[in-house]
Amino acid sequence: LIDKPEYAFLKDLGLERQNKGVFNGKSWSGSGLVTKSVDPGTGKVIAEVQTGSVDEMKSCIAAGTEAYKEWRNVPAPIRGEVVRQIGEELRKYKEPLGKLVSLEVGKVYSEGQGEVQEFIDICDYAVGLSRIFAGQLINSERAKHTIMEAWRPLGLVGVISAYNFPNAVFGWNAAIALTTGNTVLWKGAPSTSLVSVATTKIVSEVLKRNNMPSVITLCEGGVDVGKQLVGDNRVKLVSFTGSCEVGRNVGVAVQQRFGKSILELGGNNALIVNDDADVDMALGAALFGCIGTSGQRCTTTRRIIVHEKIYDQFLSKLTNAYKQVMNKVGHQLESNTLFGPVHSQVNIDNYLHTIGEAVKSGGKVAFGGKQIQREGFFVEPTIITNLPHDSPVVHKETFAPIVYLLKAKSLEEAIEWNNEVEQGLSSAVFTRDVSNAFQWIGANGSDCGIVNINTTTNGAEIGGAFGGEKATGGGRESGSDAWKQYCKRATITVNHSGELACAQGVVFDL
Ligand code: UN1
């Protein structure tokens, strides 16, 4: 496709028909497997990327480790200035880069643009932080002693990102890791390698202009290449986004060598519609939550728990809305499209398999349930009713636009169901009652990392910490004090008394 005039923007991003997928901070190479980048809206190949070998991964690790020795000595606000320029460069390329995200992932135009915006936003946030990264002063029990706490960089940070957010997830990690003084080695998902290459080109131009060492490296590749990153002692922190299954292995492998990890794994996010909810607003939230990004966000609404008093009304409104969505199915880059393709044939297979499983378990397909017969990877947005809240298929995360509608007797029951799944990423309640709202955010409320009121489960802003509990992995990225995960904490006791004194009143004199 790259040679067609309507895809000229890909050449503006520095992409070719065949691209190298390894950047060691100075030059591009690639001697591993060739991956084909596919447009999920047509099923056709866009271009190819030659990914890296294990040896190339090793040289990226060496380059990033070496660069760290220089980078950690660059004052934090100067590091922030480099990240500010990265944000500026992304603003220049937002249109074509966002379009590429849409093209390669399958998400609609505005969501592709929104993803690059998320990277820009986190750059702005990191620039401000670079002036602070504040530690604290702590009172000492000893006279003329002061205890201080300071945050220091870790070294080389490895980022493994998923196909559904191929740009923003790298951005959250890279912007914060860089300003805190770390260097970054990225392995993107093989099926979104073009986004990885284009993003790295944009970022590396800024680094080159500033004469910076190899603080960003990229090594695309398969499982063996990923394993090298995860197992290598020189990679001090591994930030992994992906399935619970793979995340568990990554977490164990990194822990085995006493490295640090940030795990952003699966979600099984519920939206509760209580009987005192603004139903139309809840409907809008359900729509974006369930079928935005064709159900392939880790924050996608997978369960809607509706109070029995309004269940029938809500189901009929939701089904109606889905009917209207069917008029807006199309290629992800067409301007009228609201609901684009899923990412690949694998997603279709998983979708069909899960629907079969749901029906076998007694579920009723209230809307959708089939593949859409047209070119590309399209399935119908799907609503399933009649399943028990604890049916195994309801407790499983399927990365597809399938939602289970559950009928609850009370808010207490709904909260119990919200919390009974393995995952703990995102959750939302719709209520107009302030005591219900505070119950939801309190100790007896949602057990997730993201606990929303009267808004969607998905589409979190960068200012808050992003991540979840339980099988979601416990990691936090992005805003708030998530930057501390990219640092080691130094507790510093300074004796300015001129005499040695032990704590706890211990006397140890000769
Ligand atoms: C993901 O799906 O991996 O909250 C990330 C959201 C986005 C990020 C999703 N800001 O939906």
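## A seven-stranded mixed sheet

In this predicted model, Leu 271 has Ala 428 of β19 as its bridge partner. That pair belongs to the junction between strand β13 (residues 269-273) and strand β19 (residues 426-430), which run parallel and are joined by four bridges. Both strands lie within an open sheet of seven strands, whose order is β15-β16-β17-β14-β13-β19-β20 and whose pairing is mixed. The edges of this sheet are taken by β15 (364-367) and β20 (450-453), each of which has a single partner strand, so that one side of each is left without a neighbour in the sheet. Averaged over the sheet and with direction ignored, neighbouring strands are turned by 25 degrees against each other.

Helix α9 (residues 279-291) lies across four strands, namely β13, β14 (301-307), β17 (402-408) and β19, and runs at about 165 degrees to β13.

## Helix α9 against helix α10

The helix that lies across β13, β14, β17 and β19 also packs with helix α10 (residues 311-325), the axes of α9 and α10 coming within 10 Å and crossing at roughly 50 degrees. An angle of roughly 50 degrees falls neither under 35 degrees nor in the range from 65 to 115, and α9 and α10 are therefore oblique to each other. The crossing in which α9 passes α10 is right-handed.

On the α9 side the contact is made by Val 279, Leu 283, Ala 286, Leu 287 and Ile 291, while α10 contributes Gln 313, Phe 314, Lys 317, Leu 318, Ala 321 and Val 325. By residue class, the contact of α9 with α10 consists of nine nonpolar residues, one polar and one charged.

## A three-stranded antiparallel sheet

A further open sheet has three strands in the order β6-β7-β24, with antiparallel pairing. Its edge strands are β6 (136-139) and β24 (487-495), each of which pairs on one side only, and the twist from one strand to the next averages 25 degrees. Strand β7 (residues 145-153) runs antiparallel to β6 and is joined to β6 by four bridges; within β7, Ile 147 is the bridge partner of Ile 138.

## Helix α3 against helix α6

Helix α3 (residues 76-105) and helix α6 (residues 193-209) pack with their axes 9 Å apart and at an angle of about 160 degrees. Because angles over 145 degrees count as roughly antiparallel, α3 and α6 are described as roughly antiparallel to each other. Their crossing is right-handed.

The contact draws on Val 82, Gln 85, Ile 86, Glu 89, Leu 90, Tyr 93, Leu 97, Leu 100, Val 101 and Glu 104 of α3, which meet Leu 194, Val 195, Ala 198, Thr 199, Ile 202, Val 203, Glu 205, Val 206 and Leu 207 of α6. The residues of this contact divide into 14 nonpolar, two polar and three charged.

## Helix α4 against helix α5

Helix α4 (residues 109-129) and helix α5 (residues 168-179) pack at an angle of about 15 degrees, and their axes are 8 Å apart. With an angle under 35 degrees counting as roughly parallel, α4 and α5 are therefore roughly parallel to each other. The crossing of α4 past α5 is right-handed.

From α4, the residues making the contact are Glu 115, Glu 118, Phe 119, Ile 122, Cys 123, Ala 126 and Leu 129, and from α5 they are Ala 168, Gly 171, Trp 172, Ala 175, Ile 176 and Thr 179. Nine of the residues in the contact of α4 with α5 are nonpolar, two are polar and two are charged.

## Residues around the ligand

The ligand is surrounded by Glu 118, Asn 164, Phe 165, Val 169, Thr 241, Arg 297, Cys 298, Thr 299, Asn 458, Gly 459 and Ala 460. This shell comprises four nonpolar, five polar and two charged residues. Glu 118, one of the residues around the ligand, is also among the α4 residues that make the contact with α5.

How values were computed:
Residues numbered from 1 in each chain as written. Predicted model: local features only at pLDDT ≥ 70, side-chain atom pairs only at ≥ 80, totals over all residues. Axes fitted to C-alpha atoms, helices over the stretch in contact; angles between N-to-C directions. Helix = DSSP H or I, 4+ residues; strand = E, 2+ residues; numbered from the N terminus. Left-handed = near helix turned anticlockwise from the far one by under 90°. Contact = placed C-beta atoms within 7 Å. Nonpolar A, V, L, I, M, F, W, Y, C, P; charged D, E, K, R; others polar. Near = placed C-beta within 6 Å. Pairing = 2+ DSSP bridges.
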